[in-house]
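Reader: I'd like to go through the ligand site and the empty spaces of this one with you. Could you show it to me first?

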Amino acid sequence: MDMPDWWQERVVYQIYPRSFQDTDGDGIGDIPGIIRHLGSLKELGVGIVWLSPVYCSPNDDNGYDISDYRSIHPDFGTMDDMDRLLSEAARLDIRIVMDLVINHTSDEHEWFRKSRDPQSPYRNYYIWRPGKDGGLPNNWTSFFAGNCWEFDDRSGEYYLHLFSKKQPDLNYRNPAVLEEVENIMRFWLDKGVSGFRCDVINVLYKSSLEDGKKKLILTGSEHYLSQEGTHEILRRLRRDVLSHYDCFTVGETVFVTPGTGRDLCDKSRGELDMIFSFEHMETDQWIVKWLKHRFHAGKFGKVLARWQNALTWTANYFENHDQPRSVSRFGDDGVFRSESAKMLCLLLLSLRGTPYIFQGQEIGMTNFDFTSMDEIRDMESHNVYRYFRSLHIPKRLCWRSIRTTSRDNARTPVQWNSTPNAGFTTGTPWLGVNKNYIKINMEQQRDDPNSIRSFYRRMITFRAGSETLKYGDFRARKTTNRIFTFERTLGDEKLMVLCSFSRHKQKAAASGRLLLSNYDRRDFNGILAPYEAVILQKEAGI
Ligand code: ISL
């Protein structure tokens with residue numbers, strides 16, 4: 001391969017600032033809280049921090065509804081704090097990547113307020129349409145349940161929102177919108193950020209507003225998923241802005257296949273540097289994420305392998321702020337929590353691509369322990385709950401679905417220590433702290449050589465020193481529901497990675513010099529302990 005870029009060498013750590021560390025007692029995490037822990041992230045081996053949105057926002061969707069792209073929400077601090085974060089991070093050689101949410105703004109953004117006036121030059125920044133035959137402009141359905149149109153009394157028309165009604169979609173047929181976005185990007189890049197995580201980036205361009213083919217989810221999506229117009233926008237952003245800075249982009253891409261995904265991040269096309277795809281995160285669901293079934297490790301492995309083979313570079317993740325905790329979902333958050341969290345760590349960091357760790361993942365934080373909807377803050381969960389109830393689904397079943405799937409599972413505050421509220425805040429946390437913080441917390445794991453966190457550290461160091469793990473070819477060997485086996489090869493070196501998803505011992509027909517295991521052992525005898533993962537070095541020629 002060509003000389004690797006710095007973003008291929010480093011491990012990314014995602015911070016969801018609201019839940020990371022509060023320093024002023026208002027119950028909401030803040031930028032000074034992030035600065036406080038930078039040293040410990042450095043020690044973990046993190047080289048890039050991705051910050052979920054910290055901009056001004058009415059917080060209908062916790063910052064993914066931006067009302068001012070050039071200012072910091074007072075809950076998080078000030079622009080001075082942000083500048084301090086950038087300089088402290090630079091001092092530690094940690095790059096900061098911002099979330100770029102440009103499919104939509106908040107309805108409280110100045111552009112949208114002005115756009116409500118049909119005569120305003122901002123009218124065309126958004127997608128306004130009159131109703132059709134006494135109904136909505138089309139039959140599209142939203143990512144957050146329900147339809148995609150909201151009527152505005154003031155102008156007598158509807159506006160399009162693929163997400164909540166407080167997140168109106170921008171109109172990318174208007175060149176002024178793209179110019180605004182380019183200036184926002186330059187603003188942050190000039191400040192010293194090193195790139196962007198681009199929110200739902202493959203839905204920007206709507207090719208038409210015709211009715212969609214009726215589907216169980218996202219009716220209308222054939223008119224906006226990965227359209228040529230979006231590809232053109234991405235190429236233009238690179239040409240006009242990104243290519244002038246030392247930065248990278250990772251796109252969150254929804255409903256992509258390996259083929260459409262490749263088109264969005266193939267180096268020769270000059271669009272994104274890498275993408276987050278979702279297929280592996282959908283291997284425990286029926287049709288929609290709210291209908292979960294038992295996790296099939298075999299399917300998970302096969303999907304991971306397919307994407308590893310399809311793209312030359314992937315963005316690898318098992319958790320983010322929208323997904324339940326990986327140890328509760330793909331591992332075992334009971335007896336084998338520690339083993340399975342470490343196995344998932346070894347797997348994540350052995351794949352080809354840039355690894356992304358979500359805050360708390362490195363200590364094996366689990367899904368929330370809430371008992372009712374009153375404790376849930378996520379707007380999506382409330383929308384979906386209401387929708388399910390409108391279909392007369394019994395409350396018990398609705399709650400079961402919310403409990404396993406709600407985005408709040410990932411958003412409970414980071415568990416720092418065993419003092420009240422897990423050391424997250426001295427005030428009242430904006431979202432409940434999981435009561436298991438007494439047992440599961442950062443402080444208790446930091447100095448324990450056998451902790452999950454220590455294993456993350458060890459694995460990150462191991463990866464950093466292994467060109468084969470970073471850049472070697474990937475080849476799946478055997479994928480069953482119990483063991484996922486693959487090889488990574490570079491030059492003469494061949495590494496074999498085995499990951500057990502079983503609660504029982506498993507025989508594995510593999511041999512080689514043991515380089516790493518999540519158990520304390522010196523060599524590999526062909527038997528994997530429960531949730532054991534190993535990296536074996538094969539002798540040359542085998
Ligand atoms: O939760 C999801 C995946 O299981 C998706 O439906 C999610 O809404 C989608 O991936 C888009 O997510 C992003 O954009 C949303 C925001 O609410 C999410 O937090 C963000 O990650 C709208 O900006």
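Author: Sure, and keep in mind that this is a predicted model. Around the ligand there are 18 residues, and the closest are Asp61, Asp199, Glu252, Lys289 and Asp322.

Reader: What makes a residue part of that group of 18 around the ligand?

Author: One of its heavy atoms has to lie within 4 Å of the ligand. Asp61 and Lys289 are among the closest of the 18.

Reader: And how is that shell made up by class?

Author: The shell has eight charged, six nonpolar and four polar residues.

Reader: Why is the pair between Glu252 and the ligand called a polar contact?

Author: The cut-off is 3.5 Å for a pair of N or O atoms. An N or O atom in the Glu252 side chain is 2.7 Å from a ligand oxygen atom, so the pair counts as a polar contact.

Reader: What about Arg197 and Gln323, how do you know that they make polar contacts?

Author: By the same test. A polar side-chain atom of Arg197 lies 3.0 Å from an oxygen atom of the ligand, and for Gln323 the distance from such an atom to a ligand oxygen is 3.3 Å. Both values are within 3.5 Å, so both pairs qualify. As for cover, the protein takes up 93% of the 500 Å² of accessible area that the ligand has on its own.

Reader: Which space does the ligand take, and how do you know that it sits there?

Author: The ligand takes the space of the largest pocket. To sit there, more than half of its atoms must lie within 2 Å of the pocket's grid points, so the ligand passes that test.

Reader: What lines that pocket?

Author: The lining has 46 residues, with Phe143, Val288, Lys289, Trp290 and Glu380 nearest the centre. By class, 24 are nonpolar, ten polar and twelve charged. The space inside comes to about 1,200 Å³. Among the elements, β13 (288-292), α12 (379-390) and α13 (395-405) each give at least two lining residues.

Reader: There are six cavities of 30 Å³ or more too. Why is a space called a cavity instead of a pocket?

Author: A 1.4 Å probe fits in a cavity but cannot get out, whereas a pocket is open. The largest cavity has a volume of about 130 Å³. Its lining has 14 residues, and Ser277, His280, Leu304, Trp307 and Asn316 lie nearest the centre.

Reader: Which element gives the largest share of that lining?

Author: Helix α9, with four residues. By class, the lining of the largest cavity has nine nonpolar, five polar and no charged residues.

Notes:
Residues are numbered from 1 along each chain as its sequence is written. This is a predicted model: local features need pLDDT of at least 70, side-chain atom pairs count only at pLDDT 80 or more; totals for chains, interfaces and linings use all residues. Side-chain values use heavy atoms; hydrogens and water are left out. A polar contact is a pair of N or O atoms within 3.5 Å; within protein, one must be able to donate a hydrogen and the other to accept it, and residues adjacent in sequence count only if both atoms are side-chain atoms. Accessible areas come from the Shrake-Rupley method with a 1.4 Å probe; for residues, only the protein chains shown count as cover. On a 1 Å grid over the protein atoms alone, a cavity is a set of points where a 1.4 Å probe fits but cannot get out, and a pocket is an open set with protein on both sides within 12 Å along at least five of seven lines; lining residues have an atom within 4 Å of a point. Ala, Val, Leu, Ile, Met, Phe, Trp, Tyr, Cys and Pro count as nonpolar, Asp, Glu, Lys and Arg as charged, and the others, Gly among them, as polar. Grid points are joined across faces, edges and corners, and a volume is the space filled by probe spheres set on the points.
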